[in-house]
Each structure stands twice: as structure tokens, then as C-alpha cells.
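Here are some notes for a colleague who has the sequence and the coordinates to hand. They are arranged as numbered points, to be read alongside the display.

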Amino acid sequence: MRVPMALQGISVVELAGLAPGPFCGMVLADFGAQVVRVDRPGTRGDLSRMGRGKRSLAVDLKQPRGAAVLRSLCARADVMLECFRPGVMEKLQLSPEILQRENPKLIYARLSGFGQSGRFSRVAGHDINYLALSGVLSRIGRSGEAPYAPLNLLADFGGGGLMCALGILMALFERTRSGKGQVIDANMVEGTAYLSSFLWKTQQTGLWGQPRGQNMLDGGAPFYATYRTADGGFMAVGALEPQFYELLLRGLGLKSDELPSQMSITDWPEMKKKFADIFAKKTKAEWCQIFDGTDACVTPVLTFEEVTHCGHHKDRGSFIIDSEQGVSPRPAPQLSNTPAVPSSKRDPFVGEHTEEILKEFGFSQEEISQLKSDKIIESNKPRANL
């Protein structure tokens, strides 16, 4: 018997967009929500490859009758998720005021780069721009070098998609008390800034008193850094506490009474060189043998090819394989009673489920055929392999 998932029965209409929005929708789908992705006819679909567990409806929202189709869906949905620049939905006559007038329980999630208001709200941007404006980018980088963005993970997916999913869940919970939906203004600048609360709250503690790249947690400390191994791999070291640092030194074959104090900042550059020279003398596998099972806080930097073979991940089933043999992380966190059961099917084609979705929402076959004939909707059912 299949256990119901946490979001079972929640209906989500997701307007197709770039990575942060699709990720938010995928999180909801992974935990049981019924997510309909609304695609533009003639497009290639979700280039972010985050259509897992979703169905696709292709409709031209620039046509008044196409917008009317979406309003019909939202009249019965729990959540509407859109990632357009502010003002676009209003032009399409799909504003929160219009949709919530027809469905007061609708949660209208707006995920943007800079937010729904403010002088930057209508300009283009990407993860690196949001990260820069949040203040966080100024703190990331090596000493003496320009700041650098850690891929497009922080703003797009942490401050953007995941924070938006959190907002949706809070609004769903609040609705159980008030019976009303609300508008969520999730944006990547403020979401990323909120993620960095620790940096703001610890400014006066001395933790960030040195220039970028010379502090304990930004690459300055020898005991919180990565080191190249003899075979070109890398080991990650995070031995912050004295007792863990002692175990690190022991594994490296060093004695603490022959070295400067762990917190002697002026000695950190020289200690980093010493550690680097030692790590370079053994392979990653050899260092794993030395540090595995200890509290030295030393771990291998696993590649995507290596990570699925890691014994710990195998123990927990941390990675899953879909029907096309693609590997991806299992949804997190794990819930004891209603765990996520992500779909193993391939991502939907654009318009693959157009007709079945419209029928579910009360459209007759005659209405569907007319919409299709007038190029308001698009249906692309996959052809059977004979």
C-alpha cells in the first residue's frame, strides 16, 4: 500500500520559466502535489530539466482565450506559481486581484529576481547579479582576487526556488486557519540576504575582521580549506574545534606542541603551505583510509561520478535513478510518516497532457477541439513505438 505524501491533494499551476521556478515546482511535486506546468506552444519545454512529477499543458497566454483557460485552472487550484518580471501577469489580465477574486483560497506565488517593487524590479538579472546586490557576493572569494559566484546555487535555488517553496508551505498552513490565500513576493536578492543572516549577526564577533579570504570560514584558515592530493583529487578540511584540530594534526603526522597556536592568524598562511605539502604526498584514497571513522572533520571532495558510489550515500539511498538511467539526489528532508516518493518517469513533453488536464478541469471535447483548431492550445501526445 502506497503511503500518502505530505502534499497529496494540493493542486499547483506552474507557469514555465527558468531554473528557480521549475525547482520550486519540482520540490512541491516530489512531496505529492499535483503540478501542472503551463508551457508556451512551440517551445522546447523546461531546459532546466526539472519537470519531474509534473504534467504539461501548452496554452498561449497572450491570447485572451488562452488567459481565460488559465483563469479556469486557477479557479480550482490551490497554488499558482509564476516567475515573470513584475507587470507581465497584469498585462495578461492574470493579476492576483483577478485570480483571487475568482478563487479567494488561491495562493499566488511570485518568484522574481529583485522583488515586485523597487527600482530594480523590472530589469533583467541572473544569479550573480542577485548575489551581488544581496551583499553576499562581496564575502565570497580568495584573498587578493575578485569575488566569485559559487555556481548559480545560492540565489537561484537557495534564496529563490527553495525560499519560495517555504513561502508556499507557510501560506498553505495559514490558510487552514483563515480559509484565505495570499500573495507571496519571493525574490532572489532578499532570499539570499536572508540566508546570509549568520554573516550579518556575527559581524561584531571578530569572525570576519580580516579582508575577504583571510578569515576562519572563508578560506583563510588552514584548518578550514581544501587541499590537492597526489593523484589530483582534493580533501576538504573543517577541523574548527581544538579536539578535532588535534586529530587532524595527528592524521597529518604533526605534533601540536611543535606548531604555532591554532588561532594564530599571522601563522595561517605558512600553516596552509605546510598542510598543502603534506596532503600532496598521498592519494585521496590513502587520506580517506587515514581519516575515515575519525572526528578530524576531513572528507574527500567527491566528484559527481564518485558521489553515487560513496558507501554512506548507498547506506541511505541518497541518490535515485530515473527510467532513463539519469541520476539525481533524492528529495530532502526525509519525513518519517509521509516521505517523498519522486516520480521515476521522464519529464513531460510540452503539451503532452493538455487534453487530459482540460478535461479534468471541466472542458468538453468540443471546447478542447475548438481551442486546438484556433491555436490557443497545443497537444503533443507521444507516439507509440511500434
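The points below take up the sheet, then its strands, and then some of the helix packing.

1. The model under discussion is a predicted one, and the remarks that follow should be read with that in mind. Its sheet is an open one of seven strands, arranged in the order β6-β5-β4-β1-β2-β3-β12, and the pairing within this sheet is mixed. The edges are formed by β6 (183-187) and by β12 (377-378), each of which pairs on one side only.

2. Within the sheet, strand β2, which covers residues 34-39, pairs with strand β3, residues 54-59, in the parallel sense, and five bridges connect the two. To fix the register of this pair in the display, one may take Val-35, whose bridge partner in β3 is Lys-54.

3. Strand β5 deserves separate attention, since its pairing can be followed on both sides. With β4 the pairing is parallel over four bridges, and here Glu-82 has Arg-110 of β5 as its bridge partner. With β6 the strands likewise run parallel, joined by five bridges, and Ser-112 stands opposite Asn-187 of β6.

4. Is β5 buried or exposed? Six of the six residues of β5 are buried, so the strand is largely enclosed by the rest of the structure. The burial applies to both faces, with Ile-107, Ala-109 and Leu-111 buried on one side, and Tyr-108, Arg-110 and Ser-112 buried on the other. Arg-110, which is among these buried residues, is also the residue that partners Glu-82, and a reader may wish to inspect that position in the display.

5. Helix α6, comprising residues 154-178, lies across β4 (79-82), β5 (107-112) and β6, and runs at about 165° to β5. The helix therefore counts as roughly antiparallel to that strand, given that angles over 145 degrees are classed in this way.

6. The packing of α6 against helix α5 (residues 127-134) has an angle of about 65°, with the two axes 8 Å apart. The two helices are therefore roughly perpendicular to each other. Asp-127, Tyr-130 and Leu-131 of α5 make the contact with Leu-154, Ala-155 and Asp-156 of α6, and by class this contact has four nonpolar, no polar and two charged residues.

7. One residue of that contact, Ala-155, is found in helix α6 and merits a closer look. At 0% relative accessibility, Ala-155 counts as buried. If its neighbours within four places in sequence are left aside, Ala-155 is in contact with Asp-127, Tyr-130, Leu-131, Gly-160, Met-188 and Thr-192. Ala-155 may also be set beside Leu-195, from which it is 40 residues apart in sequence and 9.4 Å apart in space, C-alpha to C-alpha.

8. A further helix pair is that of α9 (residues 242-252) and α11 (residues 284-291), which pack at an angle of about 130° with their axes 10 Å apart. This angle makes α9 oblique to α11, and the crossing in which α9 passes α11 is right-handed. From α9 the contact draws on Leu-247, Leu-248, Gly-251 and Leu-252, and from α11 on Trp-287, Ile-290 and Phe-291. The residues of this contact divide into six nonpolar, one polar and no charged, and Gly-251 belongs to the α9 side of it.

Terms used. Residues numbered from 1 in each chain as written. Predicted model: local features only at pLDDT ≥ 70, side-chain atom pairs only at ≥ 80, totals over all residues. Heavy atoms only, no water. Pairing = 2+ DSSP bridges. Contact = heavy atoms within 4.5 Å. Axes fitted to C-alpha atoms, helices over the stretch in contact; angles between N-to-C directions. Buried < 20%, exposed > 50% of the residue type's maximum accessible area, 1.4 Å probe, protein only. Parallel < 35°, antiparallel > 145°, perpendicular 65-115°, else oblique. Left-handed = near helix turned anticlockwise from the far one by under 90°. Nonpolar A, V, L, I, M, F, W, Y, C, P; charged D, E, K, R; others polar.
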